[in-house]
Amino acid sequence: MKKRILSFVLVVLSAVVLVGCKKNAGNGYTYRTYSTSLASNWNPHSWETNADSSVLGYIESPLVDMSIKNSATQEYQWTFEAATAVEDVTADHQDDLTTYKVTLPKGKTADQVTSGYVYEITLREGVKWENGTAINADTYVKSMAHLLDSKMRNYRANLYIKGESALAGALAFYNSEAPIYEPIVPPYGKEDTPDYSFDMSANKVYIKLDSEDMTFSGYSFSALYSSYGIISKATYEAVTGSEKCQPNPYGYIEVTAENKALILALMDEYCSGFGLTIYTNEEKTEYNNEYFMEFLFYNTGRLGEKVEYDGNVGLYKVSDYKIRYVLQDAEERNYFLTSLTSNWIVYEDLYVGNFDTTGELTTTTYNTSKEKTMSYGPYRIESLEAGKQLVYVQNENWWGYTKDENGKLYSETEFLVDGNHVQQYKCTKVVVNVMTDAAAKQAFLKGELDDWAPTADEVSEYTLSDKLYQVDETYTMSLFFNNNVPMLQTMDASKGNQNSVVLSNNSFRKAFSLAINRNEWVTATAGYKPAFALLNRLYYYDVYDNPNSIYRDTDQAKKAIVGLYGVEYGEGKAYKTLDEAVASVNGYNLTEAKALMKQAHDELVAAGLYVSGQDIKIKIAWKKGALESDDQKQVALLQGYLNAAVEGSGFGKVTLEAVGNIADRYGDVPKGEYAIGYGAWGGAAFYPFRNLQVYMDSEQYDINEGACWDPSVETFTMVVDGEEVTMTYKAWSNCMIGSSVFADADFETKLTILSTLEQDFLSKYYRIPLAGSTSCSLLSYKLSYYTENYNIMYGFGGLRLIQFNYNDSEWQKFVRKNSKKGVLSYN
């Protein structure tokens, strides 16, 4: 689905993604937008796609939201929606910490903890479902019990059973009475005798791709595939894509005569990572039965302990309109409020009334059609034509509406915006039509759409338009590498590369980075901005209490940049101050790049990895879709920069070839399909202290640079508060989260850790930052955003505050009067 500017409205909240349209005559205020596809499941317990979640943005009321307080100074504020108050009551309810078995800070007991665990939420009286049924504390508690039901295994339960806002006791309830699987060969120590007596002929046996509990080794199949590249894409997908290997609801794949050959091939590649093979003959018709058994599980026939909801799950009713939420780990109030910007409640009768209990798990078709949907937000679904159109109209029973003297629905903000209560949700109807991007452009120019997202090639036509909105995104476009010598040699031998083994050399990759003129490179794509580090200026370390707390503006982050690029400052240096030094950084130093290329050449030749003078050709896994002209321009520039750097070094000519239509370029690079990938990481702008996980925690993320290193094993020593601390990179990336060792450290300490890790990781040149991305959108003359001053916390004010310059009938007159040959001009 296309991202549009209006989808930034709620930012960290449940984003309203506006999409689709057709003409609507009359005096209403219709927002007409488009999408390439429509939602199919907007059940808050199981939705998966952006299209699905966009529906919830219209039909639900979050407990809290965020909006504009002062548009001139870009000051934001929390607003109460389905709640009227959220208070930290930990000090008064320390008994809940023991009752719900929270994870206490290291070295502390429950009576020593006074904040961050127990929050009391006062619900707004008068909030109703669209049919007028009241929503109260029982609604919230029953809905959470459904969400976490172990017999349903709801997809969105992951938001409440783990992570920073995990609900205390939720994980145990989610696993209540779930079947217990155990290895068929019990784990054994070096001095123990393994037990291979399990009778496989009398019992079903299974593998589990993401399990780390196999007796053979503590690595999962999925990790050896996605993070380490030991298991090939072809072998892994032969299993995951086979109808013979479909997992049961608990993730276990039964090993049968029909799929055994596929599973043995998977096990063999796994074994290769340990210098072993599972096969005992060249024909691969016989195998080591002991190795085979050590990968397998069986269903014990036992169920996990039965856990009742009441008294064990930390969301409970206090009174008809008051609930308490007990967190598994402590969380500061503002971050907890962020978790309340999406909601989990469901309409009981439709939810349960659409149960299907015929399978192993209970499922529901709640919120998959108009008839099975119940709104409690400012809009409700009026009609849905699958694959064609979705129409929303105002929900008469939304708590925020009253009726004006003409009987029309009207709403003003309870909170002050620029010192006033202002009209909100003036839009009376939203029409979403399914159409291609090309068709959307034509409809927009004809006045039949109210927004349109031009492609990079098209943006340049509208750069002077007052209706073009360009917004910085958190994403940093980068090159990421595979520096594994055997894999690179394989790619050179059989995958179209020539001498890509040069990428194994750190000096070569560093020279590559310094050879790139980022200020020039970004001109190949409209809206791109040069990037010299992993995190850009959208990352805030204390956003809720200090709107100026931009990570990139801290001394620690500045020192990381100048340290990485070797810029000196101080007495007798080229730059007197740190700020002057940072301002000088452009990432480009051809002189140093050429010297490093000569060094790299000599090192590679001496190592026997490269023959002097030979040409180099490297394929780059560039994008999921087809290549466009901008892509080719970008790669041509990179190729030119590299050739300028290798001139006179002893290296031959360098050719870079971009490859498009790649389903998983992020995974293909560490697997050894490509030596270089192009892509981005972003997000989590309001707590940057967790961002290094995507580069260092292979348990939670598929690491793009997984072929270069194992951050769960490699260690790093850093001086923190005057003491040397040594941990694995994985541990460092998690050390400021939850109840970890530096989670409660002050900001100065956290900023030092983050900036040190950022500089150290970038100095490995496993990844080279190139540019920050922007989102571009055109808004029709029919509409104006509340403010032109974008803020990442509330966008431009969103659909809540959007202004209509014309009603529907006035807009038709405007289009007829101002169109030339049926087209409006936005140039």
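**Entry 1: D668 and K233**

I started with a pair of charged side chains, D668 and K233, and found them joined in a salt bridge at 3.4 Å, N to O. D668 belongs to helix α21 (residues 665-671) and K233 to helix α7 (residues 233-240), so this contact ties together parts that are 435 residues apart in sequence. I also checked how covered D668 is: its relative accessibility is 3%, so I put it down as buried. Note to self: this is a predicted model.

**Entry 2: the other salt bridges**

How many salt bridges does a search of the whole structure find? I got 33. As a reminder, side chains of opposite charge can pair when their charged atoms come close.

Next I pulled up E705 and R767, whose side chains meet in a salt bridge with 2.6 Å from N to O. This pair links distant parts of the chain, 62 residues apart: E705 sits in the loop between α22 (693-696) and β25, while R767 is in strand β27 (residues 767-779). Are E705 and R767 buried or exposed? I have both of them as buried. I then noted a network in which K151, E177, K306 and E308 are joined through salt bridges that share partners.

I looked at E568 and K573 as well, and they form a salt bridge whose closest N and O atoms are 3.4 Å apart. K573 has a relative accessible area of 41%, so I logged K573 as partly exposed.

**Entry 3: around F480**

I moved on to F480, which is part of strand β20 (residues 468-481). F480 comes out at 0% relative accessibility, so it counts as buried. What does F480 touch, not counting residues up to four places away in sequence? My list reads R665, Y666, V669, A675, I676, G677, Y678, G679, N704, E705, Y766 and R767. I was glad to see E705 and R767 in there, since I already had those two down as salt-bridge partners.

I picked I676 from that list for a distance check. The C-alpha atoms of F480 and I676 are 5.7 Å apart, though their positions lie 196 residues apart along the chain.

**Entry 4: E758**

Where is E758? I found it in helix α24 (residues 747-763). With a relative accessible area of 2%, E758 is buried. I left aside its neighbours within four places in sequence and asked what E758 is in contact with. The answer was A533, L534, L535, Y551 and R552.

**Entry 5: D721, N661 and positive phi**

I went to the surface next and found a patch of negative charge where D555, D721, E723, D746 and E748 gather. I followed up D721, which is in the loop between β25 (715-720) and β26 (723-728). Its relative accessible area is 61%, so I marked D721 as exposed. The backbone caught my eye too: phi of D721 is near 50 degrees, a positive value in a residue other than glycine.

I wrote N661 down beside it, because N661 is not a glycine either yet has a positive phi of about 55 degrees. N661 lies in the loop between β23 (654-659) and α21. At 59% relative accessibility, N661 counts as exposed.

Key. Residues are numbered from 1 along each chain as its sequence is written. This is a predicted model: local features need pLDDT of at least 70, side-chain atom pairs count only at pLDDT 80 or more; totals for chains, interfaces and linings use all residues. Side-chain values use heavy atoms; hydrogens and water are left out. Patches are made of residues with over 30% relative accessible area and no salt bridge: like charges are joined within 9 Å, nonpolar side chains (Val, Leu, Ile, Met, Phe, Trp, Tyr) within 5 Å. Accessible areas come from the Shrake-Rupley method with a 1.4 Å probe; for residues, only the protein chains shown count as cover. A salt bridge is a side-chain nitrogen of Lys or Arg within 4 Å of a carboxyl oxygen of Asp or Glu. Lys and Arg count as positive and Asp and Glu as negative; His and the chain ends are not counted. The place of a charge is taken as NZ of Lys, CZ of Arg, CG of Asp or CD of Glu. Helices (H or I, at least four residues) and strands (E, at least two) are DSSP runs, numbered from the N terminus. Buried means under 20% relative accessible area, exposed over 50%, partly exposed in between (1.4 Å probe, protein chains only). Contact means heavy atoms within 4.5 Å.
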